[in-house]
Amino acid sequence: MPSKKALIRRPSPRLAEGLVTHVEREKVDVELAQGQWETYAETLRTHGWETVEVDPADDCPDSVFVEDTVVMYRNVALIARSGAESRRDETLGVEEAVARLGCSVNWIWEPGTLDGGDVLKIGDTIYVGRGGRTNAAGVQQVRAAFEPLGARVVAVPVSKVLHLKSAVTALPDGTVIGHIPKVDRPSLFPRFLSVPEEAGSHVVLLGGPHVLISAGAPKTAELLADLGHEPVVVDISEFEKLEGCVTCLSVRLRELYA
């Protein structure tokens, strides 16, 4: 059977020092963030996900955003190499975690850069955002890693937000959703649904009709419910101050087989 494992990583005590690029810096309540992270992790478990906790990286303020460190396709883990040099040490514990799970481990090499948040997978199509954290060489290396396995890699320009998945994610039926003012080229996606809030651009597919969504997007949650989905709402306000979203806080491994 397909797996339902999710890599997560506890917030660093230095979380408030995390990078911001497209938003004004706000004060982050680290204690509140810790509680929000615990609730996020418990919500995953409630919906049948086995959480696998990566070793903490307390000296890395952004390390809670574990999605940026690795891209999974089938049983292959591609270790990222962030365009933000200060984030590159975050991959060390993740390499160990995916290796323990039996993944085939590959790496992005210099001069390539890639953040996992720039990668959106819909079936065998892999959209890769080309923007501030991911360069052309990084996109080429994603192609080299995954196209031999049957993937189709599509490069997408990203200029208005930090990562591709800061702008768009996808519903269970493959429809891409995003807040139009933050999406560079919605026409690149075969099916696109505009949502009314920026925070509504981000969902995690929990299984069946359930989609994890931020409490900061009540109108989008109502829209998705009207379309037959079942929104599961979590408050991640402290992480949103650092350009984080519901996808950033975990890496979902759906294709590991026992």
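This passage walks through two sheets, a hairpin, some ring pairs and a few well-packed residues in a predicted model.

A good place to start is the sheet made of three strands in the order E3-E4-E5, which is open and has mixed pairing. Its edges are taken by E3 and by strand E5 (104–107), each of which pairs on one side only. From one strand to the next, the twist averages 25 degrees. Strand E4 (residues 76–79) and E5 run parallel and are joined by four bridges. One spot to look at here is isoleucine 79, whose bridge partner in E5 is tryptophan 107. Two helices pack on this sheet. Helix H2 (residues 91–100) touches E3, E4 and E5, and its direction makes about 170 degrees with that of E4. H3 also packs on the sheet and touches E3, E4 and E5, with its direction at about 160 degrees to that of E4.

Strand E4 is also home to valine 76. With a relative accessibility of 13%, valine 76 counts as buried, since the cut-off for that label is under 20%. Setting aside neighbours within four places in sequence, valine 76 is in contact with Val71, Ser104, Asn106, Phe146 and Leu149. The chain also brings alanine 145 into this neighbourhood: 69 residues separate valine 76 and alanine 145 along the chain, while their C-alpha atoms are 8.6 Å apart.

A second open sheet has three strands as well, in the order E6-E7-E8, again with mixed pairing. Strand E6 (119–122) and strand E8 (152–157) sit at the edges with a single partner strand each, so one side of each has no neighbour in the sheet. The twist here averages 25 degrees from one strand to the next. E6 and E7 run antiparallel, with four bridges between them. Along that pairing, valine 119 stands opposite valine 128 in E7. H3 turns up again at this sheet, lying across E7 and E8 and running at about 165 degrees to E7. Helix H3 thus has a place in both stories: it packs on the E3-E4-E5 sheet, and it lies across E7 and E8.

Next come the rings. A search of the whole structure turns up five aromatic pairs. One of them joins tyrosine 73 and phenylalanine 146, a tilted pair with 5.4 Å from centre to centre and 50 degrees between the planes. The two partners come from distant parts of the chain, 73 residues apart: tyrosine 73 belongs to strand E3 (residues 70–73), phenylalanine 146 to helix H3 (residues 136–146). Tyrosine 73 and phenylalanine 146 are both buried. Another pair, tyrosine 127 with phenylalanine 189, is edge-to-face, at 5.0 Å centre to centre and 65 degrees between the planes. Tyrosine 127 lies in strand E7 (residues 125–130), while phenylalanine 189 sits in the loop between strand E10 (176–178) and strand E11 (192–194), so this pair ties together parts that are 62 residues apart in sequence. Neither ring is left out in the open: tyrosine 127 is buried at 4% relative accessibility, and phenylalanine 189 is buried with a relative accessible area of 5%. Ring pairs also bring in Phe192, making a cluster of Tyr127, Phe189 and Phe192.

Further along the chain there is a hairpin. Strand E12 (residues 204–207) and strand E13 (residues 210–214) pair in the antiparallel sense over three bridges. Leucine 205 stands opposite valine 211 in E13. Two residues lie between E12 and E13 in this hairpin, and glycine 208 in the turn has a positive phi of about 60 degrees.

The last stop is glutamate 238, in helix H6 (residues 237–240). Is this residue buried or exposed? Its relative accessibility is 4%, so glutamate 238 counts as buried. The side chain of glutamate 238 makes a polar contact with the side chain of serine 237 at 3.2 Å, and another with the side chain of lysine 241 at 3.0 Å. Leaving out residues up to four places away in sequence, glutamate 238 touches Lys27, Val28, Asp29, Leu32, Ala33 and Gln36.

Key
Residues numbered from 1 in each chain as written. Predicted model: local features only at pLDDT ≥ 70, side-chain atom pairs only at ≥ 80, totals over all residues. Heavy atoms only, no water. Phe/Tyr/Trp six-rings, centres within 6.5 Å; stacked < 30°, edge-to-face > 60°. Buried < 20%, exposed > 50% of the residue type's maximum accessible area, 1.4 Å probe, protein only. Pairing = 2+ DSSP bridges. Polar contact = N/O pair within 3.5 Å; in protein donor to acceptor, adjacent residues only side chain to side chain. Contact = heavy atoms within 4.5 Å. Axes fitted to C-alpha atoms, helices over the stretch in contact; angles between N-to-C directions.
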